[in-house]
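Biologist: I have the sequence and the coordinates open side by side. Could we go through the fold together?

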Amino acid sequence: PLDFEWRNSKRSLNYLTDQMLKLSAPNDSILILGMPTLFANFCERDVTQSVTLVERNTPIVNGLKKFANHKAKIHEADIFKVQPEVLGQYQCVFMDPPWYSEHFYQFVWLAAQCLHVGGTLAISIPPINTRPDIDIERIQWFQFCQQQGLCLENLHANHLEYTMPFFEFNAFRAGGIQNILPFWRKGDFAVLKKMKQQHTERKTYEEKASGWVEREISS
């Protein structure tokens, strides 16, 4: 695929960065799970918080090393496999997992294990018009959060926007649909508090093998 990732728009990155500053104290430590553009955007601000990114894509990690210092760290690891004790404890976690249950559970479990009691989890979730039965899925997701000791504090509808990837432009074009705005895809922004420590088992996860053969040409 030319580009298969949903990326936050610059406006959303600025909104999320502002929320990171709002939801954390000046000396807090922040964990970002799989949002390299947010990590870069945050590092470009003159901030006092320390931030750690967990990212498994080596080329992306290499591209972000220019931001690395004693307050900005990059942990090259697979979110679905890394152990929470390797990452440590944080006052705030930001993440944007794929909008499917098996991924959501993995991200939330890891985040909950890495949060201090009283800490904040900020997460992007799909809005209620995303697909059939998403309302039922969201209820199940929030129930899972509660089982991890997390309580929903705020839910902001359609506060995040994503840049449409090339594959969807092509899909709309092939379907005869024109003049689609590039930021039509919205996401809800949920903020949860960790109320108590819950020691739960990590759900079993088997990543589906990709049928694509990857090749790197001239870096």
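Biologist: To begin with a detail, where is aspartate 133 found?

Modeller: Aspartate 133 sits in the loop between β6 and α6 (134-147). Please keep in mind that this is a predicted model.

Biologist: What is the phi of aspartate 133?

Modeller: Phi of aspartate 133 is near 70°, which is a positive value in a residue other than glycine. Asparagine 179 also has a positive phi, near 60°, and is likewise a residue other than glycine.

Biologist: And where is the place of asparagine 179? Is asparagine 179 buried or exposed?

Modeller: Asparagine 179 lies in the loop between α7 and β8. With a relative accessible area of 76%, asparagine 179 is exposed, because the cut-off for that word is over 50%.

Biologist: Since the model is predicted, what pLDDT does the protein chain average?

Modeller: The average pLDDT of the protein chain is 91, and 98% of the residues score at least 70.

Biologist: Where in the protein chain is confidence lowest, and where is it highest?

Modeller: Confidence is lowest in helix α7 (residues 166-174), with a mean of 84. The highest value belongs to β5, at 98.

Biologist: Let us turn to the sheet. What is the order of its strands?

Modeller: It is an open sheet of eight strands with mixed pairing, in the order β1-β7-β8-β6-β5-β2-β3-β4. β1 and β4 (72-76) stand at the edges; each has a single partner strand, so one side of each has no neighbour in the sheet.

Biologist: Starting from the β1 edge, in which sense do β1 and β7 pair?

Modeller: Strand β1 (residues 7-8) pairs with strand β7 (residues 150-163) in the antiparallel sense, over two bridges. There, arginine 7 stands opposite threonine 163 of β7.

Biologist: How many bridges link β7 and β8?

Modeller: Eight bridges link β7 and strand β8 (residues 186-194), and this pairing is antiparallel too. One of the contacts sets asparagine 154 against its bridge partner in β8, valine 191.

Biologist: And at the other edge, how do β3 and β4 run?

Modeller: Strand β3 (residues 50-55) and β4 run parallel and are joined by five bridges. Valine 54 stands opposite histidine 75 in β4.

Biologist: Which residue of β3 is the bridge partner of leucine 33?

Modeller: That is valine 54 again. β2 and β3 run parallel and are joined by five bridges.

Biologist: How many residues of β2 are buried?

Modeller: Five of the five residues in strand β2 (residues 29-33) are buried. Side chains in a regular strand alternate between the two faces of the sheet. In β2 both faces are covered, with Ser29, Leu31 and Leu33 buried on one side and Ile30 and Ile32 buried on the other.

Biologist: Now the helices. Why does the length of α1 agree with what is expected?

Modeller: Helix α1 (residues 10-23) has 14 residues, which at 1.5 Å a residue should span 20 Å, and its end C-alpha atoms are 20 Å apart. Helix α5 (residues 101-114) gives an equivalent result: its 14 residues should span 20 Å, and the end C-alpha atoms are 20 Å apart.

Biologist: Which residues are buried in α1, and how many in α5?

Modeller: In α1, Ser12, Leu13, Tyr15, Leu16, Thr17, Gln19 and Met20 are buried. α5 is mostly covered, with 13 of its 14 residues buried.

Biologist: Changing topic, how many cavities of 30 Å³ or more does the count come to?

Modeller: The count comes to one cavity of 30 Å³ or more. The largest cavity holds about 40 Å³ of space.

Biologist: Which residues line the largest cavity?

Modeller: Its lining consists of Leu16, Met35, Leu38, Phe94, Met95, Ala122, Ile123, Ser124, Leu160 and Phe189. β5 (90-95) and β6 (115-125) are the elements that give two or more residues to this lining. The largest share, three residues, comes from β6. By character, the lining residues divide into nine nonpolar, one polar and no charged.

Biologist: Take alanine 122 from that lining. Is alanine 122 buried or exposed?

Modeller: Alanine 122, which is in strand β6, is buried, with a relative accessible area of 1%. Alanine 122 and alanine 25 are 97 residues apart in sequence, and their C-alpha atoms are 15 Å apart in space.

Key: Residues numbered from 1 in each chain as written. Predicted model: local features only at pLDDT ≥ 70, side-chain atom pairs only at ≥ 80, totals over all residues. Heavy atoms only, no water. 1 Å grid on protein atoms, 1.4 Å probe; cavity = no way out; pocket = protein on both sides within 12 Å on 5 of 7 lines; lining within 4 Å. Points joined across faces, edges and corners; volume = space filled by probe spheres on them. Helix = DSSP H or I, 4+ residues; strand = E, 2+ residues; numbered from the N terminus. Nonpolar A, V, L, I, M, F, W, Y, C, P; charged D, E, K, R; others polar. Pairing = 2+ DSSP bridges. pLDDT = per-residue confidence, 0-100. Expected span 1.5 Å × (residues − 1). Buried < 20%, exposed > 50% of the residue type's maximum accessible area, 1.4 Å probe, protein only.
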